[in-house]
Each structure stands twice: as structure tokens, then as C-alpha cells.
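Here's a quick back-and-forth on why some features of this structure get the labels they do. Take a look at the model before reading on.

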Amino acid sequence: NCEETIEERLREYQRQGTVGIGEFMICRKINHPFVQAVFQAAEKLGMPILFHMSPQEGYEYGIVDEPGLPMLEEALEKYPGLKFIGHSQPFWHEISQDAKPDLKSRMEWGRGPVREGGRLVCLMRNYKNLYADLSANSGGCAIMRDEKFGLQFLEEFPYCFPWWLHYFTFPPAMHKRSNFPTFSLIFVILSLSLYFDHPNWCEVV
């Protein structure tokens, strides 16, 4: 049973220098025993996990949740010591209260005004172990689709940046800027920094 050896394998990776898990891409529901075993072991070993998300099993790569992210909330409650880093369209789609539940909509890049009361915003307010990855188009589009809301989001959740952003310092004026192409350039630069400076992440698929 592969679930029984997950902690043992992760512990060995950690001994070799691994500091986190990502990109977690297995296409199984979040409540699947294997996914739960990875979460449990990661929490025990203090290893953050960056996950990709798919809208349904067999459709895309990434762990699977339903519209509104109910299983993610269950996991956030069940593993309070585990840092979850969300990524991909189905995750960021939930930033707006009017997020449509159909499969096609959940896989689209964010666009148009963001309506207050989005499920993702509620989860981030209620669970301090939930982080959000801004390095890809999914996160970039979610923030840049609505300039006013995007800046408010970054001000409310300054810790939402990926773990590797903690190695950089932004000037205080950054939050006051409205130059979103500048933000896009920053995402690209920091994505490259992730690749070159922090190779010690293990990938679980």
C-alpha cells in the first residue's frame, strides 16, 4: 500500500534537503486516501505543499475539489499545521462571488470585475494556513482582472505570496502603485528565482 510509505519517503527526501512538496498534481479528489496521507505526512514533517487543482477527476492534472472548494476547507480544518499553497485556474476562479460552477468556466483565466464575497477570499480570511501562488497566469490574471480589487487583495493578504517571495523585500510604495504590467514583470522574475534558487522541492504526482 503506497499510502503506508509516504511519510518514510518524504522523511528521506527531507534528509536530503527537500523543504516542501510541489507541484502536487495527482488527479484525485482531496478526500482520497492517498491525498490525505500526503497531507498528514507533510504536516507532521513541517513541509509546505503547493498544489495544482483540476475541476474534476480525469479532466486535468491536479487535486480535485468541487465548486466552492468544500473539500479544501475540510483539509484546512483537519491539518491546521500544514501550509497549503493554492495554484491554477479552479483555485483562483473562486476569488469572485459570482464564480460559475461549470467545468469550462472553472478552467478559464480570470477576467472582468471581481464581486466581493468570493469563496477564496473567505477561506483566506478564516484559515491562516492557506497561501496563494501568484507566479503563474492563473494567479496573475486573478489579481490583474480588477485593479482596485487586486490591490486591496494584496494589501489584505500580504502573506499570500508564494513561499519564495519571503526572500525578497518590496518597497512600501509597491502597494500604492497601479502599474499592473510591473506586477507581471515581477511575477516572471520571481518565477525564475524559484527555479534557480530553490530546487529542493519534491514533486508528488
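**Helix crossing, backbone and pocket**

Q: What makes the crossing of α1 past α2 right-handed or left-handed?
A: In this predicted model, α1 passes α2 in a right-handed crossing. That label goes to a near helix turned clockwise from the far one, as opposed to anticlockwise.

Q: Why are α1 and α2 called oblique to each other?
A: The axes of α1 (residues 6-15) and α2 (residues 33-45) cross at roughly 45 degrees. Angles under 35 degrees count as roughly parallel, and 65 to 115 as roughly perpendicular. The pair fits neither label, so α1 and α2 are oblique.

Q: How do you know that α1 and α2 are in contact, and which residues make the contact?
A: Contact means heavy atoms within 4.5 Å. On the α1 side that gives Ile6, Glu7, Leu10, Arg11 and Gln14, and on the α2 side Phe34, Ala37, Val38, Ala41, Ala42, Lys44 and Leu45. By class, the contact has eight nonpolar, one polar and three charged residues. As for the axes, they come within 9 Å.

Q: Why is the peptide bond from Gly22 to Glu23 called cis?
A: Its omega is near 0 degrees, and the bond is cis. Most peptide bonds are trans. Glu23 sits in strand β1 (residues 20-24).

Q: What makes the phi of Leu69 worth a look?
A: Leu69 isn't a glycine, yet its phi is positive, about 55 degrees. Most residues other than glycine have a negative phi. You'll find Leu69 in the loop between β4 (63-64) and α3 (70-78).

Q: How much space lies in the second largest pocket, and which residues are closest to its centre?
A: The second largest pocket holds about 290 Å³. Of its 16 lining residues, His93, Ser105, Glu108, Arg111 and Arg145 are the closest to the centre. By class, the lining has five nonpolar, six polar and five charged residues.

Note on methods: Residues are numbered from 1 along each chain as its sequence is written. This is a predicted model: local features need pLDDT of at least 70, side-chain atom pairs count only at pLDDT 80 or more; totals for chains, interfaces and linings use all residues. Side-chain values use heavy atoms; hydrogens and water are left out. On a 1 Å grid over the protein atoms alone, a cavity is a set of points where a 1.4 Å probe fits but cannot get out, and a pocket is an open set with protein on both sides within 12 Å along at least five of seven lines; lining residues have an atom within 4 Å of a point. Grid points are joined across faces, edges and corners, and a volume is the space filled by probe spheres set on the points. Ala, Val, Leu, Ile, Met, Phe, Trp, Tyr, Cys and Pro count as nonpolar, Asp, Glu, Lys and Arg as charged, and the others, Gly among them, as polar. Axes are lines fitted to C-alpha atoms, for helices over the stretch in contact, and angles run from 0 to 180 degrees between N-to-C directions. Helices (H or I, at least four residues) and strands (E, at least two) are DSSP runs, numbered from the N terminus. Angles under 35 degrees count as roughly parallel, over 145 as roughly antiparallel, 65 to 115 as roughly perpendicular and the rest as oblique.
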